[in-house]
Amino acid sequence: MQYNKIAAITKQTLKSLGIHRSVYRGYDYIVNGIILLYRNKDLDFYSMKCLYIDIARECNATVYSVERNVRTVVSNIWDYGNKKILKEIFFYIDDTKPTNREFFEDFYDYIIGQYEIVSLNENTELFFMCPITNKHCEYLCDICSKLI
């Protein structure tokens, strides 16, 4: 059950950043990576190759394609993603995009923080920004609430 909540929050956050499953193969790799990191807390962010191997095994892909597609998602998030949400997640926005390891570290911390907020109070009202209008989106909040 908790993995479903983490997956739902991860998917919703990626969508609010403008990343959609139908466009980016790395979308599934990031979702699976966050779940694997949560499931196996012994995985080290500094050993990304181990994480890539586990993601590749889970998604029936090669380690190279996992790394490349995650890098593509990170680049697109950094270049075109919702800057307000990026600041919430990464606390810094400059011209230097994060490495995949830095992305996973900060993104994981954000997702786990969101998961803990939702877990503390199941009636907590979620707040998501629309990736198109950059305004509060009740529709996205409703979808996420139903998934959780």
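Biologist: Which class of exposure does Glu-67 fall into?

Modeller: The model is predicted, and the accessibility is computed from it. Glu-67 has a relative accessibility of 21%. Buried would require a value under 20%, and exposed a value over 50%. Glu-67 lies between these limits, so the residue counts as partly exposed.

Biologist: How is Arg-71 placed relative to Glu-67 along helix H4?

Modeller: The side chains of Arg-71 and Glu-67 meet in a salt bridge, at 2.7 Å from N to O. Arg-71 is itself partly exposed, at 33% relative accessibility. Because the two residues are four residues apart in helix H4, their separation is about one helical turn.

Biologist: Which residue forms a salt bridge with Arg-101?

Modeller: Arg-101 is partly exposed, with a relative accessible area of 24%. Its partner lies four residues apart from Arg-101 in helix H6, about one turn of the helix. The closest N and O atoms are 2.6 Å apart, and the partner is Glu-105.

Biologist: Is Glu-105 buried or exposed?

Modeller: The relative accessible area of Glu-105 is 18%. The limit for burial is under 20%. The value for Glu-105 falls below that limit, so the residue is classed as buried.

Biologist: What is the N to O distance in the salt bridge between Arg-21 and Asp-28?

Modeller: The structure holds four salt bridges, and the pair Arg-21 and Asp-28 forms one of them. Arg-21 is exposed, with a relative accessible area of 54%, whereas Asp-28 is partly exposed, at 25%. Their side chains meet at an N to O distance of 3.0 Å.

Biologist: Which residues of H3 does H2 meet?

Modeller: The axes of H2 and H3 come within 9 Å and cross at roughly 115°, and the crossing is right-handed. By class, the contact has six nonpolar, two polar and three charged residues. From H2, the residues Asp-28, Tyr-29, Asn-32, Gly-33, Leu-36 and Leu-37 take part, and they meet Leu-51, Asp-54, Ile-55, Glu-58 and Cys-59.

Biologist: Which helix supplies the largest share of the largest nonpolar core?

Modeller: In soluble globular proteins, nonpolar side chains tend to be buried together. The largest nonpolar core here has 39 residues, and those with the most contacts inside it are Ile-6, Leu-14, Ile-30, Ile-34, Ile-77, Phe-104 and Phe-107. Helices H1, H2, H3, H4, H5 and H6 each supply at least two residues of this core. The largest share, nine residues, comes from H2.

Biologist: What phi value does Asn-60 have?

Modeller: Asn-60 is in the loop between H3 and H4 and is exposed, with a relative accessible area of 76%. Most residues other than glycine have a negative phi. Asn-60 is not a glycine, yet its phi is positive, at about 55°.

Biologist: How far apart in space are the C-alpha atoms of Ser-47 and Arg-101?

Modeller: Ser-47 is found in the loop between H2 and H3 and is partly exposed, with a relative accessible area of 26%. Arg-101, by contrast, lies in helix H6. The two residues are 54 residues apart in sequence, and their distance in space, C-alpha to C-alpha, is 8.6 Å.

Methods
Residues numbered from 1 in each chain as written. Predicted model: local features only at pLDDT ≥ 70, side-chain atom pairs only at ≥ 80, totals over all residues. Heavy atoms only, no water. Core = buried A, V, L, I, M, F, W, Y, C linked by side-chain atoms within 4.5 Å. Buried < 20%, exposed > 50% of the residue type's maximum accessible area, 1.4 Å probe, protein only. Axes fitted to C-alpha atoms, helices over the stretch in contact; angles between N-to-C directions. Left-handed = near helix turned anticlockwise from the far one by under 90°. Contact = heavy atoms within 4.5 Å. Nonpolar A, V, L, I, M, F, W, Y, C, P; charged D, E, K, R; others polar.
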